[in-house]
Amino acid sequence: MTTARDRARAELTAEIADLARAQLATVGAPGLSLRAVARELGMASSAVYRYFSSRDELLTRLIIDAYDALGAAAESADDPTAPPVERWVAVCRAVRRWALAHPHEYALLYGSPVPGYSAPRDTVPSAVRVGAVLGRVLGDAARAGLLPDAGHRTTGVVGPEAAGLLGGDHPALDDAVRARALLAWSSLFGAVSFEVFGQFTGAVVDAERFFDDAMAALAGLLGL
C-alpha cells in the first residue's frame, strides 16, 4: 500500500528530475548540478542527496525518462494494420517529432558523452524501445510473407540480443537482413541528429520531405 510519505517522496523526486531536466537547456548535461537543483527548491543540498545519491544517479534517471518518452512516441505511432512501409515511416516521423520538440533531452541521449559518466545497464531496456518497434515492423512483414526468404546467411556481425530485437526468428530474417536493419536504425538517428544539431543547414531546403524520402529509402533497403 502506498503511504502519504511514499507519495510525497515520489512527488519530490519527480520535481527534482523536472528541475534537472530544465537545467539541460541552460547548462547542458556536463553542467548538471544537484546543488543548483537544491537552491531552486530552497533545500539544503544534503536533503537532495537523500533522493539522488549523486549527479550520475540523477543523469541516469533523466536518460531513462527521455528514452522512455521517445520510445512511447514511437510505439504510439505504430499502426499494425497499416502496410509495413507506412508503419516504418510513421515510427520514424514520431522519433523526429519528439527530437525536435525536446532537443536538449535528445542531446542528452545522442549528443556528446558527458565527461566522467558511464550509463549503466539499467538504461538499456529503455534505450532499445525504438529499435524494438522497428524490429516489430520488420518481423511482422516477414511473418506476413512480405519479405523474400533470405536463406539464413550468417555473417557473424549481429549479436544475439540484436537478432532477437530485430524481428525475431524467421527464414526471411538472417544476419544480412538484420545487419541492414541495424544500418537503418542507426541511419534514422543519424538523420535526426543532423537536423537537431544543425548539420543540414544550407544543404536541405525541405527537411520534412527529405526525411520522409530518406526513411522510405531505408524501408526499401529492408525490402518492406
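How much area do domain 1 and domain 2 bury between them, and what part of it is on carbon and sulfur atoms?

## The two domains and their interface

In this predicted model, domain 1 covers residues 1-53 and domain 2 covers residues 66-222. Five residues from domain 1 and five residues from domain 2 make up the contact. The centres of the two domains, taken over C-alpha atoms, are 32 Å apart.

Domain 1 and domain 2 bury about 430 Å² between them, with 82% of this area on carbon and sulfur atoms. The count of salt bridges between the two domains is one. For polar contacts across the interface, the count is zero residue pairs, with both residues required to be at pLDDT 80 or more.

## The nonpolar core

The largest nonpolar core contains 59 residues, and Ile 16, Trp 88, Val 130 and Leu 188 have the most contacts inside it. At least two core residues come from each of α1 (4-26), α2 (34-41), α4 (55-77), α5 (84-101), α6 (103-110), α8 (129-143), α10 (175-196) and α11 (207-222). Domain 1 and domain 2 each contribute at least three residues to this core.

Leaving aside residues up to four places away in sequence, Trp 88 touches Leu 134, Val 137, Ala 184, Met 215, Leu 218, Ala 219, Leu 222 and Leu 224.

## Individual residues

Thr 13 is part of helix α1. Its relative accessibility is 13%, so Thr 13 counts as buried. Beyond residues up to four places away in sequence, Thr 13 touches Tyr 51, Phe 52 and Arg 61.

Arg 21 and Glu 105 form a salt bridge, in which the closest N and O atoms are 3.8 Å apart.

Technical notes. Residues are numbered from 1 along each chain as its sequence is written. This is a predicted model: local features need pLDDT of at least 70, side-chain atom pairs count only at pLDDT 80 or more; totals for chains, interfaces and linings use all residues. Side-chain values use heavy atoms; hydrogens and water are left out. A nonpolar core is a set of buried Ala, Val, Leu, Ile, Met, Phe, Trp, Tyr and Cys residues joined through side-chain atoms within 4.5 Å. Buried means under 20% relative accessible area, exposed over 50%, partly exposed in between (1.4 Å probe, protein chains only). Helices (H or I, at least four residues) and strands (E, at least two) are DSSP runs, numbered from the N terminus. Domain bounds come from an automatic or database domain assignment. Contact means heavy atoms within 4.5 Å. Buried area is the accessible area (1.4 Å probe) that two parts lose on being put together, summed over both. A salt bridge is a side-chain nitrogen of Lys or Arg within 4 Å of a carboxyl oxygen of Asp or Glu. A polar contact is a pair of N or O atoms within 3.5 Å; within protein, one must be able to donate a hydrogen and the other to accept it, and residues adjacent in sequence count only if both atoms are side-chain atoms.
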